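Reader: I should be grateful for a close look at a single part of this structure, with its surroundings described in turn.

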Amino acid sequence: MVITLGAVVAYSVYITFHISGLKALQKDISDRNRRDSLQLLRVQNDLNSVALAMRDMLENEEPYPLTAWRAQFQRIRSDLDDALKREAQLAIARQTPEQSEFLASSLAQFWDAVDRMFALASNGNEAGAREQIRITLQARQAALSTVVARLLVQNNERDEQASRQVAQIYDRVQRQVYLFLIAILAAILFTSLYLIRSNRRLFARLAFLSNQRSELAQKLIAAQESTLRHISRELHDEFGQILTAVGSMLARAEKHAPQDSPLRPELREVNEIAQATLENVRTLSQALHPVMLDTTGLESTLDWYIRTTEKQTGIKISYEKSGAGFRVNGNSGIHIYRVVQEALNNVVRHSGAKQAWVRLRFLEDALELEVEDHGKGFALPPSNSGIGLVAMRERAELLGGSIDFSRPGEGGTRIRLHVPRKRADSRAAV
Ligand SMILES: Nc1ncnc2c1ncn2[C@@H]1O[C@H](COP(=O)(O)OP(=O)(O)O)[C@@H](O)[C@H]1O
Ligand SMILES: [Mg+2]
């Protein structure tokens, strides 16, 4: 791209330089030619005046002697000299030396003859002088006129030739510009195609990697859930049963012990410890994976969880349910439950709000969950410290639904999870 642009700039400068040079040249040539032609016309005019004067001298109707024309000839001569001097300067590069010499010598001869004619006239030989005019001067004047006329024609031809040359050069430049434009367009096309191709490849690779990452994350989440569920079950069932059994055995042993035996209070104390441990194990089991989710369903699990969170964190949570409820299957329930859990955790940890809203909507063909707070909202740019938000998205994917994060009118954060009913409803065919 840079090379292409550089070439365009360099070529533009080159073309501009040449065209302006050409223009100057053209202007110079035509200017000189024009001025040269003007001087030649002046010469021609002078020669005509000479011709007229000579005709008058020959007609002999005037009462003056021939010498009376001397002053007029003198004036014409000096004007001619001046015009020829200027012409010689302008035409210096174009006229061949022979041409200039011929013109100069013809003129010199002409003026010599004029001088001789006036000499005859002033010596009283008017007839001889007129003879001189007729025989020599008129012929020389005519020859001079022809030379000047030829020079004028030459000038004109030269002008035409120059403009033909310039036109040819312009044509050449134009052709070059077209060729260059085609080359540039081809280069741009090639570069663009290359860019599009490599971008496509890059995007395909990105999409592939992103899919892989998402798949991995979802597998991890699923594995984690099944492990937690397993441990939770084990704790609840195995340890719960054992501890319950230990408790009732201790109670029986206490009953069988003599009334005043010191064993009794100790047995009771151990029993109380066993009861407390049983409670702890149940709570832990519930925290790892709410057994309620599989037994009584999502709605009541959320009821319980929200009440507990309110108590534990001191945040007021308004819980609203709407629509005709349906039972959510355990597989989807756990993900929805985790989204609520993470969203409420974030409200507590990041929003600074003292109130939150949880809305569960049973729609015709979907389940919608909203968690909202009016706290400080997401910081911009969002910090990437945690993976809570990432996990929420992956869970939404696992549910075949979508999740979006927005800012409610009052400020803060609103998270909305949308799950199609056919994935959430336990009675729907999956
Ligand atoms: N309700 C909220 N209010 C304000 N900021 C939030 C909220 N939820 C999340 N955030 C911001 O988004 C970031 C990422 O959240 P998350 O992925 O859950 O990670 P973590 O909670 O471990 O920091 C948080 O660090 C916080 O800055
Ligand atoms: Mg978090």
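In which helix do glutamate 342 and asparagine 346 lie, and how many residues apart are they?

Author: The model discussed here is predicted. Glutamate 342 and asparagine 346 both belong to helix H8, which covers residues 330-351. They are four residues apart, about one turn of the helix. Both serve as protein donors of the magnesium ion (ligand 2): Glu342 contributes OE and Asn346 contributes OD1, lying 2.1 Å from the ion. As for accessibility, glutamate 342 has a relative accessible area of 23% and is therefore partly exposed, since the buried class is limited to values under 20%. Asparagine 346, with a relative accessible area of 16%, is buried.

Helix H8 also takes part in covering another helix, H9: the cover over the buried residues of H9 includes H4, H8, strand S4 (402-406) and strand S5 (413-420). The residues of H9 that are buried are Gly388, Met392, Glu394, Arg395 and Ala396. Just after H9, glycine 400 adopts a positive phi of about 70 degrees.

The packing of H9 (residues 388-398) against H4 (residues 126-256) can be described further. Their axes are 10 Å apart and form an angle of about 85 degrees; the two helices are therefore roughly perpendicular to each other. On the H4 side, the contact involves Arg213, Ser214, Ala217, Gln218, Ile221, Gln224 and Glu225, and these meet Val390, Ala391, Glu394, Arg395, Glu397 and Leu398 of H9. Sorted by class, this contact comprises five nonpolar, three polar and five charged residues. Glu394 and Arg395 thus appear in the contact with H4 and also in the list of buried residues of H9.

Helix H4 also contains glutamine 241. That residue has 56% relative accessibility and so counts as exposed. Its C-alpha atom is separated by 25 Å from that of leucine 263, which is 22 residues away along the chain.

A further helix pair may be set beside that of H4 and H9. Helix H2 (residues 70-90) and helix H3 (residues 97-122) pack with their axes 12 Å apart, at an angle of about 170 degrees. H2 and H3 are therefore roughly antiparallel to each other. From H2, Arg70, Phe73, Arg77, Leu80 and Leu84 meet Leu103, Leu107, Trp111, Val114, Asp115, Phe118 and Ser122 of H3. By class, eight residues in this contact are nonpolar, one is polar and three are charged.

Notes. Residues are numbered from 1 along each chain as its sequence is written. Chains are lettered from A and ligands numbered from 1 in the order in which they are written. This is a predicted model: local features need pLDDT of at least 70, side-chain atom pairs count only at pLDDT 80 or more; totals for chains, interfaces and linings use all residues. Side-chain values use heavy atoms; hydrogens and water are left out. Axes are lines fitted to C-alpha atoms, for helices over the stretch in contact, and angles run from 0 to 180 degrees between N-to-C directions. Angles under 35 degrees count as roughly parallel, over 145 as roughly antiparallel, 65 to 115 as roughly perpendicular and the rest as oblique. Contact means heavy atoms within 4.5 Å. Ala, Val, Leu, Ile, Met, Phe, Trp, Tyr, Cys and Pro count as nonpolar, Asp, Glu, Lys and Arg as charged, and the others, Gly among them, as polar. Donors are N, O and S atoms within 2.8 Å of the metal (3.2 Å for Na, K and Ca); water is not among the atoms, so sites may look incomplete. Buried means under 20% relative accessible area, exposed over 50%, partly exposed in between (1.4 Å probe, protein chains only).
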